[in-house]
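Subject: Model for your files, with notes on one helix

Hello,

The structure is below, followed by what was found in it. Please keep the notes with the file.

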Amino acid sequence: MCPADSAPASPARRAKAAVEQRLASATEHCAARGAQLTPQRAEVLELLLRRGGQAKAYDLQGDMQARHGRIAPTTVYRALDFLQEHHLVHKVDATNTFVVCDHAEHDHPTLLLICTRCGRVEEVHDADALKPLLAMVTQRDFATQAVEVKCICAACAPTAASMD
């Protein structure tokens with residue numbers, strides 16, 4: 001075995017492998033539901049993953065334009081609509097961004113914690129925590145796909161305390 005074969009993978013190589021794994025999982029996820037993750041939809045998901053799993057639609061459009069030239073915003077939004085419909089991404093209304101879903105196999109509302117300082121979003125699946133809130137929503141004849149909670153993450157908390 002040559003030394004290069006035993007060397008640990010570079011961070012870039014690990015990141016590329018992680019993106020490829022997520023895309024393969026997304027393809028299987030869609031196929032299991034009778035849907036097709038087309039190359040264009042996969043590319044939007046790939047670009048979102050390469051941006052750390054969170055981006056605005058226009059950032060994704062810019063990424064696609066860098067690869068292909070002119071791309072209409074509707075192209076990106078149609079792909080994002082499909083990815084949302086199949087629980088692969090969430091739209092975060094509070095920040096007007098899209099985030100990759102970490103739990104696509106769960107078909108129930110999710111809790112999104114959103115830092116109002118840095119915009120970081122964390123997806124949480126805690127059915128027990130959401131149960132009373134969802135019961136109240138249902139009782140009032142509403143339905144929800146996600147609950148967004150504006151808060152301040154631990155990394156921003158020291159700066160938030162100094163600004164108050």
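In what follows, a residue is called buried when its relative accessible area is under 20%, and exposed when that area is over 50%. The model is a predicted one.

The notes concern helix H5, residues 73-85. At 1.5 Å a residue, its 13 residues should span 18 Å, and the end C-alpha atoms are 18 Å apart, so the two agree.

The buried residues of H5 are Thr75, Val76, Ala79, Leu80, Phe82 and Leu83. They lie on the same side of H5, because the arc they cover around the axis is only 160°. This fits the general pattern: with 3.6 residues a turn, an α-helix has residues three or four places apart pointing the same way. Exposed residues Arg78 and Glu85 are on the face of H5 turned away from the buried side.

The cover over the buried residues of H5 includes three helices, H2 (11-32), H3 (39-50) and H4 (57-68), and also strands S2 (89-92) and S3 (97-100).

Of these, H3 was examined further. The axes of H3 and H5 are 9 Å apart and the packing angle is about 85°; the two helices are therefore roughly perpendicular to each other. On the H3 side the contact involves Gln40, Arg41, Val44 and Leu45, and these meet Thr75, Ala79, Leu80, Phe82 and Leu83 of H5. By type, the residues of this contact are 6 nonpolar, 2 polar and 1 charged.

One backbone detail: histidine 87, which follows H5, has a positive phi, near 60°.

Regards

Key: Residues numbered from 1 in each chain as written. Predicted model: local features only at pLDDT ≥ 70, side-chain atom pairs only at ≥ 80, totals over all residues. Heavy atoms only, no water. Helix = DSSP H or I, 4+ residues; strand = E, 2+ residues; numbered from the N terminus. Expected span 1.5 Å × (residues − 1). Buried < 20%, exposed > 50% of the residue type's maximum accessible area, 1.4 Å probe, protein only. Arc of directions from axis to C-beta. Contact = heavy atoms within 4.5 Å. Axes fitted to C-alpha atoms, helices over the stretch in contact; angles between N-to-C directions. Parallel < 35°, antiparallel > 145°, perpendicular 65-115°, else oblique. Nonpolar A, V, L, I, M, F, W, Y, C, P; charged D, E, K, R; others polar.
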